[in-house]
Amino acid sequence: MVLFGLGGLLYVAILFTNAIAILSEDRFLARIGWTASAEPGFGGARDDASVKARLVNLVSSVRTLMRIPLIVVNTFIIFYEIILG
Amino acid sequence: MQRGNWNNPAPAHSPPLHHPVPQHVSTVPQLRSPPPPQPPSQPQSAYGYGQQQQQQQQQQQQHQGGPGPAGGAYGHHPAFGGFMNDPTAQMATQMGRTAVAAGQEYMEANFGRFVSVSALKHYFNVTNFYVVNKLYIVLFPWWHKPWSRQQRLSNNGQDGYYLPPREDINSPDMYIPMMALVTYILLSTLLAGLRGAFHPELLGGTTMTALLVLFLELLTIKAGTFLLAISSSSQLLDLVAYSGYKFVHIILATLISELLSHLHIGGAWASWLVFMYCFGANAFFLLRSLRYVLLPDQTGQGVGGQQAGYTVARSQRNRRTQFLFVYSYVVQFGFMLWLSRA
């Protein structure tokens with residue numbers, strides 16, 4: 001019973017990360033301007049301190065890093081759900 | 001005495017000690033000290049075999065089940081008194097002992113890597129005086145004056161470290177939050193039992209809920225710290241401790257409201273009043289304490305003085321203050337409500 005709460009939490013986290021990972025880069029994120037800053041300022045500081053810039057950075061780094069682990073984890077969960085119900 | 005002296009020199013001859021093998025089964029196992037090393041024990045057990053065989057031949061009516069002659073090494077099942085003489089039992093005991101020792105070493109080595117035990121010790125370095133005063137501050141934070149934590153330069157003079165809770169009343173500890181957490185779990189389960197709605201999964205469920213709340217609060221603070229670019233040097237356990245102080249308020253609110261409803265004083269509004277007071281106390285306490293975590297430059301002294309020339313834009317400072325207020329009041333209200341209702 002204790003484990004059920006934990007499993008639900010895990011599912012929620014995985015679903016959220018999936019949602020972030022499958023957003024389309026050019027069709028969606030570019031449209032609303034949430035792509036990473038393309039030209040780092042030459043000699044000037046990037047606009048890194050604003051909330052939006054950090055959010056954009058976070059989203060893009062999650063997408064880059066978590067793609068492959070998400071494939072593995074999703075496969076595990078699919079097998080678990082199919083075999084063990 | 002039947003065999004020659006070609007094995008043992010004269011003084012080391014195994015004396016004719018015969019441990020009496022009782023014929024009845026004693027219920028209390030006689031634990032002896034470990035038997036002497038191998039060579040003298042062999043003749044002993046052989047002697048024991050011989051004696052038992054003798055006794056068996058003498059009493060032919062009783063079926064001993066042939067424990068003596070049957071299976072020399074492992075089948076030796078006399079009564080409990082003689083089982084430590086068996087070399088196999090000795091070997092098994094030694095293996096067990098080695099296994100337990102190895103397991104303990106493994107645990108200590110790996111546990112020390114995950115959680116730094118010395119950092120934990122700092123949080124449990126409390127005194128009675130500290131606990132009582134801290135509880136007073138937590139429940140009545142309105143009149144407490146200096147909220148800043150004191151620090152002291154370490155030996156190499158470079159980085160300062162915070163004083164332990166023993167010497168600084170403003171330092172967060174883990175003793176009160178841990179005790180409050182366990183008390184909250186037991187208290188809510190007890191009250192559920194008094195209402196007649198107890199089942200054992202309630203304990204686990206309450207624990208998971210409380211830990212989930214702690215985790216979500218930690219996540220909120222970390223997300224806020226990251227998004228608002230706050231570079232604070234506070235430890236993770238500090239934040240856990242600050243989140244754990246709310247359990248004191250929840251315990252108090254739950255107790256008082258249960259008492260009031262039991263004595264039929266007031267109604268639902270009385271328990272709401274108590275809850276609002278406790279929520280206010282918790283929010284004010286967090287506001288004052290987390291100000292030094294979330295707004296590090298307002299104090300005028302960074303830890304170690306590395307942020308001497310660091311200025312923050314006014315809009316950013318406003319945003320951080322807003323975040324602090326929202327966290328202390330709105331977020332805490334939601335969590336306290338959740339924990340009191342569950």
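1. Order of elements in chain B. Along its sequence, chain B of this predicted model runs α-α-α-α-β-β-α-α-α-α-α-α. That gives ten helices and two strands. The two strands sit between the fourth and fifth helices in this pattern.

2. Burial and surface of chain B. The chain has 342 residues, and 34% of them count as buried. Its accessible surface is about 21,000 Å². Carbon and sulfur atoms hold 64% of that surface. Take the contacts in chain B between residues at least 6 apart in sequence: 73% of them join residues at least 24 apart.

3. The largest nonpolar core. This core has 51 residues. Those that touch the most other members are Tyr184(B), Tyr242(B), Tyr245(B), Phe247(B), Phe285(B) and Leu290(B). The elements of chain B that give two or more residues to the core are H4 (128-139), H5 (175-194), H6 (201-227), H7 (236-244), H8 (246-262), H9 (268-294) and H10 (314-341). Which helix gives the most? H9(B) does, with eleven residues.

4. Tyr245(B) up close. Leave aside residues up to four places away in sequence. Tyr245(B) then touches Tyr130(B), Lys134(B) and Val138(B). It also touches Ser171(B), Pro172(B), Asp173(B), Ile176(B) and Pro177(B). Phe285(B) completes the list. Tyr245(B) and Phe285(B) are both among the core residues that touch the most other members.

5. Salt bridges, overall count. The structure holds four salt bridges over all chains. The count between chain A and chain B is zero. Three of the bridges are described in the next points, each within chain B.

6. Asp238(B) and Arg149(B). These two form a salt bridge, with the closest N and O atoms 3.0 Å apart. The pair links distant parts of the chain, 89 residues apart. Asp238(B) is in helix H7, while Arg149(B) is in the loop between H4 and strand E1 (151-153). Are the partners buried or exposed? Asp238(B) is buried, because its relative accessible area is 3%, under the 20% limit. Arg149(B) also counts as buried, at 14%.

7. Glu258(B) and Arg195(B). Their side chains meet in a salt bridge at 3.9 Å, N to O. Glu258(B) lies in helix H8 and Arg195(B) in the loop between H5 and H6, so the bridge ties together parts 63 residues apart in sequence. Glu258(B) counts as partly exposed, at 29% relative accessibility. Arg195(B) counts as exposed, at 59%.

8. Lys246(B) and Glu217(B). The side chains of this pair meet in a salt bridge at 2.1 Å, N to O. Lys246(B) lies in helix H8 and Glu217(B) in helix H6, so parts 29 residues apart in sequence are tied together. Lys246(B) counts as buried, at 1% relative accessibility. Glu217(B) is buried as well, with a relative accessible area of 0%.

9. Transmembrane annotation, chain B. An unreviewed UniProt entry places the feature "transmembrane region" at residues 175-198, 210-229, 269-287 and 323-340 of chain B. How does the model treat residues 175-198? The span is 83% helix and 0% strand. Its end C-alpha atoms are 28 Å apart. Residues 323-340 are 100% helix and 0% strand, and the end C-alpha atoms lie 24 Å apart.

10. Chain A in outline. Chain A has three helices and zero strands, in the order α-α-α. Of its 85 residues, 15% are buried. It exposes about 6,600 Å², and carbon and sulfur atoms supply 72% of this area. Among contacts in chain A with a separation of 6 or more, 62% come from residues 24 or more positions apart.

11. Transmembrane annotation, chain A. The unreviewed UniProt entry gives a "transmembrane region" at residues 64-84 of chain A. In the model this span is 100% helix and 0% strand. The end C-alpha atoms lie 31 Å apart.

12. The interface between the chains. How many residues of each chain are in contact? Nine residues of chain A meet eleven residues of chain B. The size of an interface is often given as the accessible area lost when the parts come together. Between chain A and chain B the buried area is about 940 Å². Carbon and sulfur atoms give 77% of it. Again, zero salt bridges are counted between these two chains.

Definitions and conventions
Residues numbered from 1 in each chain as written. Chains lettered and ligands numbered in written order. Predicted model: local features only at pLDDT ≥ 70, side-chain atom pairs only at ≥ 80, totals over all residues. Heavy atoms only, no water. Helix = DSSP H or I, 4+ residues; strand = E, 2+ residues; numbered from the N terminus. Buried < 20%, exposed > 50% of the residue type's maximum accessible area, 1.4 Å probe, protein only. Contact = heavy atoms within 4.5 Å. Areas by Shrake-Rupley, 256 points an atom, 1.4 Å probe, with all protein chains shown as cover. Core = buried A, V, L, I, M, F, W, Y, C linked by side-chain atoms within 4.5 Å. UniProt positions renumbered as here; feature names shortened; annotations may be inferred. Buried area = accessible area lost by both parts, 1.4 Å probe.
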